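Hi there,

Here's the structure I promised to pass on. Have a look at it first, and then read on for what turned up.

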Amino acid sequence: MEGECRAPQARSSGLPAGGGGGESPGGDAPLPGSSGSSSLLQAEVLDLDEDEDDLEVFSKDASLMDMNSFSPVMPTSPLSMINQVKFEDEPDLKDLFITVDEPESHVTTIETFITYRIITKTSRGEFDSSEFEVRRRYQDFLWLKERLEEAHPTLIIPELSSHKKQGPGLLSRMGQTVRAVALSMRGVKSRPEEFMEMNNFIEIFSQKINLIDKISQRIYKEEREYFDEMKEYGPIHILWSASEEDLADTLKGVASCIDKCCKATEKRMSGLSEALLPVVHEYVLYSEMLMGVMKRRDQIQAELDSKVEALTSKKADTDLLTEEIGKLEDKVECANNALKADWERWKQNMQNDIKSAFTDMAEENIHYYEQCLATWESFLTSQTDLHLEEASEDKS
Amino acid sequence: MEQALSDPERRLQPAPLEPLGHPDGGLESVVGEEAEGARDEGPGDGTMMENNFWLKKIEISVSEAEKRTGRNAMNMQETYTAYLIETRSVEHIDGQSVLTDSLWRRYSEFELLRNYLLVYYPHIVVPPLPEKRAEFVWHKLSADNMDPDFVERRRIGLENFLLRVASHPILCRDKIFYLFLTQEGNWKETVNETGFQLKADSRLKALNATFRVKNPDKRFTELKHYSDELQSVISHLLRVRARVADRLYGVYKVHGNYGRVFSEWSAIEKEMGDGLQSAGHHMDVYASSIDDILEDEEHYADQLKEYLFYAEALRAVCRKHELMQYDLEMAAQDLASKKQQCEELATGNVRTFSLKGMTTKLFGQETPEQREARIKVLEEQINEGEQQLKSKNQEGREFVKNAWADIERFKEQKNHDLKEALISYAVMQISMCKKGIQVWTNAKECFSKM
């Protein structure tokens with residue numbers, strides 16, 4: 001059962017390549033590019049309508065592809081989204097390789113869904129064959145996660161990103177909190193300070209970005225409703241102008257201004273949904289993924305700690321333990337270094353993305369108000385000109 | 001309304017000319033343009049109207065509102081709002097104003113005044129009172145009559161009402177109006193003593209006339225249609241405006257949440273922190289700016305509401321015309337029928353049904369003397385009837401002439417006021433846009449520094 005225990009973790013908890021004795025190509029060079037984890041890729045595939053441009057965003061640096069890294073892995077190209085994770089470096093455990101790729105859309109009369117090709121290569125005895133290829137959909141992943149959680153309640157089962165284009169549901173958020181608490185109780189003792197800081201940042205960032213996501217969605221909704229009412233508002237003035245003589249022009253003018261502002265609102269809304277909402281949502285998913293990453297790092301550390309503890313209490317074979325500890329120490333060091341390097345890069349990207357998204361939002365609003373201003377000002381000018389004309393007519 | 005507020009001076013000529021409660025007091029046609037033009041031109045300007053007893057200009061203001069408790073007619077405790085009305089006379093030379101009168105009135109007294117004016121000046125489009133209960137509210141506004149915002153807007157509305165009456169060339173001369181401004185105690189009794197409630201046309205009579213009148217003046221029929229349309233379209237507009245205001249409020253206020261979250265987020269950021277924090281501040285400014293914007297819009301809505309209620313005043317004048325016309329038609333019909341009776345009696349040809357004819361058949365012919373007597377009575381009645389018809393005709397014509405003059409005056413006023421209101425709406429929108437540009441430009445700068 002042990003081998004099987006680890007198999008499911010293999011998908012998302014990649015372990016450092018440079019760990020003792022492992023001959024992984026590329027050494028432990030940190031992977032450049034945006035940190036898209038398997039779960040993130042999953043999310044993107046699900047969320048996006050096979051729109052390649054969107055996929056581009058999440059795989060900015062398609063360069064890397066190293067068969068390694070603790071740090072979440074990059075796709076080689078947007079389309080293939082190959083997720084190759086090596087499990088552990090020890091030769092005796094390098095026996096299970098899984099890739100997930102080729103998303104495909106299926107349309108039936110009842111529903112539309114996406115399936116992914118899962119290729120499993122293994123040398124393990126438990127498997128009947130050495131290579132398997134299956135197609136699974138999101139529901140199936142969910143089922144697997146649930147079965148694993150049932151069977152192994154104390155192990156950390158990796159996150160599955162959310163299925164739909166929305167923020168994490170209440171239950172998953174609660175689940176996260178519970179796990180986070182459980183983890184923090186376990187990991188706090190030995191976690192180095194910089195990772196404490198990092199963890200703290202991630203927690204708060206996650207909270208805030210989720211809130212911003214909600215706020216932004218709400219703003220969109222309110223603007224939509226404002227737009228709907230405005231559409232009705234203008235025409236009433238036209239209706240009124242039909243029963244007036246002297247006021248008809250002024251009323252029609254007001255109606256036309258309202259209609260133009262209405263169109264400007266529509267434009268503002270679409271700008272919001274193109275520039276701001278997707279970026280915020282992307283970082284909501286990032287924040288979930290990052291929390292998973294932290295957990296995995298902590299878990300690796302915890303493994304080391306437990307072995308060290310075992311050694312000191314002299315419970316098992318000292319020599320074997322010492323060897324294992326040595327390897328684990330290297331593993332931990334690699335994990336930490338990879339994460340540290342990746343972290344700075346991710347933060348820089350985040351800063352740029354957020355800055356640019358909000359700047360765009362501000363620009364959309366400025367443009368909206370400028371358009372409306374021009375409309376009303378030109379109406380006002382026409383009215384005062386008319387007034388002057390009329391006044392001079394009266395005098396003559 | 002804007003104009004009324006900014007130009008509070010109105011010439012008031014209390015005129016003991018018209019005996020108290022004289023119903024035809026207002027029928028003399030007054031040259032409207034003089035008053036109108038003078039109003040536009042503001043203080044210090046010339047011509048006073050003839051028969052003017054006071055050469056001073058008068059300023060009227062409803063300056064305060066106060067909650068009071070008292071006992072009502074059924075001796076029950078009640079809470080109501082009282083409004084302070086101050087009248088000032090303006091010295092011609094130096095423009096200084098001196099407080100001449102100051103008293104408190106409640107809304108029901110205003111209503112009493114207006115009902116009196118409606119009865120005694122049926123040919124005048126009597127200015128409306130502000131609404132009794134808050135309508136067309138959007139969610140932020142309370143529909144409660146005691147709500148301070150409502151009370152404030154009502155105070156302005158009541159002041160506007162008084163200014164409208166005071167600037168009307170005919171209404172301003174009314175004694176009861178003058179007493180309303182100057183005699184606190186006993187005013188209600190004075191009004192009631194005029195007996196105006198009895199003189200009022202019953203609703204039923206008016207309704208009957210509206211259905212049965214055959215030949216109303218076409219202009220009044222058209223005016224009635226116009227006032228129906230005006231009422232309907234302004235109601236619709238006010239309703240949608242309230243909904244738009246609601247939505248706009250939502251958009252602005254949700255942005256305020258950004259302020260809070262940005263501020264919290266900035267705590268964990270080193271480089272982005274300052275930018276986030278200051279951007280958040282601008283989001284707060286943006287969110288709170290909507291309150292003033294919508295308050296201004298509420299004044300605009302009040303201006304439209306005044307004309308919504310004016311529509312009813314227009315209809316009242318039309319109803320009066322229909323009533324008089326119907327009355328006239330009935331009188332003419334009655335006269336014609338009597339003439340015919342008379343003719344039949346004289347010639348012996350009974351074509352029309354009459355009770356006398358029936359009884360004659362049943363009980364026998366009448367004597368020539370009896371017939372003569374009856375003819376005489378009828379001839380007298382016919383004479384009377386002709387006199388009445390003549391005077392009714394004249395009254396009707398007078399009414400139409402004077403009413404139409406006031407309607408023309410009203411149309412001018414309406415076009416002027418509504419145009420101004422619409423333009424002020426545009427000005428409000430412009431101001432809102434400018435504020436928006438400023439806030440978002442500031443925010444953008446903060447974002448770019450992140």
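You'll need one term before we start: a salt bridge is a side-chain nitrogen of Lys or Arg within 4 Å of a carboxyl oxygen of Asp or Glu. Keep in mind, too, that this is a predicted model.

Let's begin inside chain B. B:Lys305 and B:Asp302 make a salt bridge, with their closest N and O atoms 3.8 Å apart, so the pair falls within the 4 Å cut-off. Both sit in helix H10 of chain B, and because they are three residues apart there, about one helical turn separates them. Are these two buried or exposed? B:Lys305 is buried, with a relative accessible area of 3%, and B:Asp302 also counts as buried, at 11%. They have company as well: a network of salt bridges links B:Asp302 and B:Lys305 with B:Glu131, B:Arg153, B:Arg241, B:Glu297 and B:Glu298.

Next, try finding B:Lys132 and B:Glu111, whose side chains meet in a salt bridge (3.3 Å, N to O). B:Lys132 is in the loop between helix H3 (107-120) and helix H4 (148-167) of chain B, while B:Glu111 is in helix H3, so this pair ties together parts that are 21 residues apart in sequence. B:Lys132 is partly exposed, at 37% relative accessible area, and B:Glu111 counts as partly exposed too, at 25%.

One more pair to click on is B:Glu312 and B:Arg319, with a salt bridge of 3.2 Å from N to O. B:Glu312 is partly exposed, its relative accessible area being 31%. Over all chains, a search of the whole structure finds 48 salt bridges.

Here's a nice one for seeing how a chain folds back: B:Val285 and B:Val439 are 154 residues apart in sequence, yet their C-alpha atoms are 7.4 Å apart in space. B:Val285 is found in helix H10 of chain B.

Now for where the chains meet. The contact takes 54 residues from chain B and 55 from chain A. Together the two chains bury about 5400 Å², 74% of it on carbon and sulfur atoms. How many salt bridges are there between chain B and chain A? The count is eight, and one of them joins B:Arg243 to A:Glu232, with the closest N and O atoms 3.0 Å apart. On chain B's side, helices H9 (218-266), H10 (273-347) and H12 (368-448) each supply at least two residues. H9 of chain B gives the most, with 24 residues. The residues on that side divide into 33 nonpolar, nine polar and twelve charged.

Have fun exploring!

How values were computed. Residues are numbered from 1 along each chain as its sequence is written. Chains are lettered from A and ligands numbered from 1 in the order in which they are written. This is a predicted model: local features need pLDDT of at least 70, side-chain atom pairs count only at pLDDT 80 or more; totals for chains, interfaces and linings use all residues. Side-chain values use heavy atoms; hydrogens and water are left out. Contact means heavy atoms within 4.5 Å. Buried area is the accessible area (1.4 Å probe) that two parts lose on being put together, summed over both. Helices (H or I, at least four residues) and strands (E, at least two) are DSSP runs, numbered from the N terminus. Ala, Val, Leu, Ile, Met, Phe, Trp, Tyr, Cys and Pro count as nonpolar, Asp, Glu, Lys and Arg as charged, and the others, Gly among them, as polar. Buried means under 20% relative accessible area, exposed over 50%, partly exposed in between (1.4 Å probe, protein chains only).
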